[in-house]
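Colleague: Can you take me through the helix packing and the cysteines in this one? Short answers are fine.

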Amino acid sequence: MDKLVIQGGAPLSGETRISGAKNAALPLMCAALLTREPLALSNVPHLRDVTTMLRLLGQMGVKVSRDDRSGATLHAERLAEPLAPYELVKTMRASILVLGPLVARCGEARVSLPGGCAIGLRPVDLHIKGLQALGAEIEVEQGYIAARAKRLTGARIVMDLVTVTGTENLMMAACLAQGTTVLENAAREPEVVDLARCLSAMGARISGAGADVITIEGVASLHGATHHIMPDRIETGTFLAAAAATRGRVSLHGADPAILDAVLEKLREAGAELESTKDTISLAMKGRPRGVNVRTAPYPAFPTDMQAQLMALDAVASGAATVTETIFENRFMHALEMQRLGADIEISGNTAVVRGVEKLQGATVMATDLRASASLVIAALVADGETTVDRIYHLDRGYERIEEKLAQLGARIRRVN
Ligand code: UD1
């Protein structure tokens with residue numbers, strides 16, 4: 001199993017390029033199921049989750065071609081069985097995103113329930129309730145969601161809590177429904193906006209994406225389109241947090257500062273100097289960062305997917321800070337691993353109190369999920385001596401060539417197996 005071996009202490013310095021967003025790419029690939037014509041995506045990141053999704057879509061009969069760079073064309077002219085099997089869904093929750101498009105296009109679908117997940121319970125009840133409101137008959141049997149509908153019909157759906165993939169699933173399904181759908185309390189995440197932009201290019205009639213009420217007027221069919229995937233705001237935030245923790249100076253190209261306000265604000269509060277152009281963010285951290293309090297919440301507030309990385313920054317900052325997680329229960333596993341590196345973190349319920357220490361010390365730590373592993377890499381970059389981050393396959397789900405990009409910025413990092 002691959003590991004990363006990191007010699008800490010080198011400040012990150014230099015430039016690198018941000019990849020396309022994983023959490024935009026996955027729903028966008030599922031959108032290809034909605035049309036018989038090809039959907040050509042560019043800026044597709046090379047990630048394990050992307051490969052898994054392509055495999056899942058391939059099994060359903062979607063023809064996939066990738067070019068040498070970051071383009072992928074998905075052609076769902078004819079679909080075989082509309083089935084998402086447990087073996088694939090269990091490795092990637094985002095597989096649930098095929099449910100809405102399949103029911104809308106094929107009139108039926110069988111998708112495995114995602115099951116347990118390292119960062120909490122994460123049910124999909126709102127996806128199911130929403131599709132039922134659109135007229136689908138749904139049964140949950142033998143661990144599978146079996147959905148059926150001759151043609152979905154538009155409805156007003158009020159979601160009790162903000163769910164990103166739930167909003168995306170229902171928005172895709174509603175594109176081919178008869179009549180108008182109104183999604184209330186919709187997720188406002190930029191990835192929802194990117195998906196709406198692509199669906200609109202495919203002929204969908206969507207308004208309000210990016211606000212909490214999205215209106216979709218159903219159409220009889222969608223057509224092919226080309227779409228450039230937005231930059232990954234979490235990869236961007238991760239590199240910025242790493243640069244701040246190591247007291248470095250970096251410029252990230254191909255980024256979008258307009259969708260990172262909450263994260264940039266926290267980094268500024270920690271003492272970082274930040275400058276942005278339309279697609280570049282530069283950060284310089286002189287001296288020791290200051291601890292900053294963080295509370296996660298749906299966009300535009302601070303993202304749960306950046307919580308662990310900010311905790312790593314707080315771990316070496318001056319002063320004490322609190323980190324509160326409001327989206328997922330059980331998303332503090334990285335704290336226990338950071339303690340192995342000498343961090344002073346106390347957890348009580350959904351809040352962690354982090355008292356910054358002068359120095360972390362290298363040790364062997366184990367990644368438990370995608371963002372947890374990113375936070376351990378940051379902690380390793382500042383720790384004295386050598387740190388081995390084990391189970392790096394979690395990191396490969398969501399970071400493209402991370403060790404190459406970090407090495408380009410001067411990190412002493414290598415992959416071993
Ligand atoms: C997406 C992101 C993930 C991010 C998360 C929160 C993708 C592929 N993944 O995940 O990286 O961490 O948003 O920003 O985009 N919930 C329910 N019932 C449902 C659905 C969700 O109770 O039917 C709850 C969840 O348990 C959680 C909260 O709602 O507590 C938010 O989850 P949700 O936004 O759905 O997360 P994902 O879409 O799975």
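Modeller: What follows covers two helix pairs, the burial of one helix, and the cysteines. Keep in mind that this is a predicted model.

Colleague: Start with H10 and H11. What is the angle between them, and how far apart are the axes?

Modeller: Helix H10 spans residues 307-315 and helix H11 spans residues 333-340; they pack at about 25°, with the axes 10 Å apart. Angles under 35 degrees count as roughly parallel, so H10 is roughly parallel to H11.

Colleague: Is the crossing of H10 and H11 left-handed or right-handed?

Modeller: The H10 and H11 crossing is right-handed.

Colleague: Which residues make the contact?

Modeller: From H10, Gln 307, Ala 308, Met 311 and Ala 312. H11 contributes His 334, Ala 335 and Met 338.

Colleague: And how do the residues of that contact divide into nonpolar, polar and charged?

Modeller: The contact of H10 with H11 has five nonpolar residues, two polar and no charged.

Colleague: How many residues of H10 are buried?

Modeller: Nine of its nine, so to speak of H10 as mostly covered is fair. The buried residues of H10 include Asp 314 and Gln 309, and also Gln 307 and Met 311, which are among the residues touching H11.

Colleague: Now H8 and H9. At what angle do they pack?

Modeller: About 0°, with axes 11 Å apart; H8 is residues 233-245 and H9 is residues 261-269. That angle makes H8 roughly parallel to H9.

Colleague: Which residues are in contact there?

Modeller: Gly 237, Leu 240, Ala 241 and Ala 244 on the H8 side, against Val 263, Leu 264 and Leu 267 of H9. By class, the contact of H8 with H9 has six nonpolar residues, one polar and no charged.

Colleague: Different topic. How many disulfides does the count come to?

Modeller: Zero.

Colleague: Why is there no bond from Cys 30 to its closest cysteine sulfur?

Modeller: Distance. The closest cysteine sulfur to that of Cys 30 is in Cys 198, 11 Å away, which is too far for a bond; the cut-off for a disulfide is 2.5 Å.

Colleague: And what about Cys 106?

Modeller: The closest cysteine sulfur to Cys 106 belongs to Cys 30, and at 13 Å that is also too far for a bond.

Colleague: Are those two cysteines buried or exposed?

Modeller: Cys 30 is buried, at a relative accessible area of 0%. Cys 106 is partly exposed, at 30%.

Definitions and conventions:
Residues numbered from 1 in each chain as written. Predicted model: local features only at pLDDT ≥ 70, side-chain atom pairs only at ≥ 80, totals over all residues. Heavy atoms only, no water. Axes fitted to C-alpha atoms, helices over the stretch in contact; angles between N-to-C directions. Helix = DSSP H or I, 4+ residues; strand = E, 2+ residues; numbered from the N terminus. Parallel < 35°, antiparallel > 145°, perpendicular 65-115°, else oblique. Left-handed = near helix turned anticlockwise from the far one by under 90°. Contact = heavy atoms within 4.5 Å. Nonpolar A, V, L, I, M, F, W, Y, C, P; charged D, E, K, R; others polar. Buried < 20%, exposed > 50% of the residue type's maximum accessible area, 1.4 Å probe, protein only.
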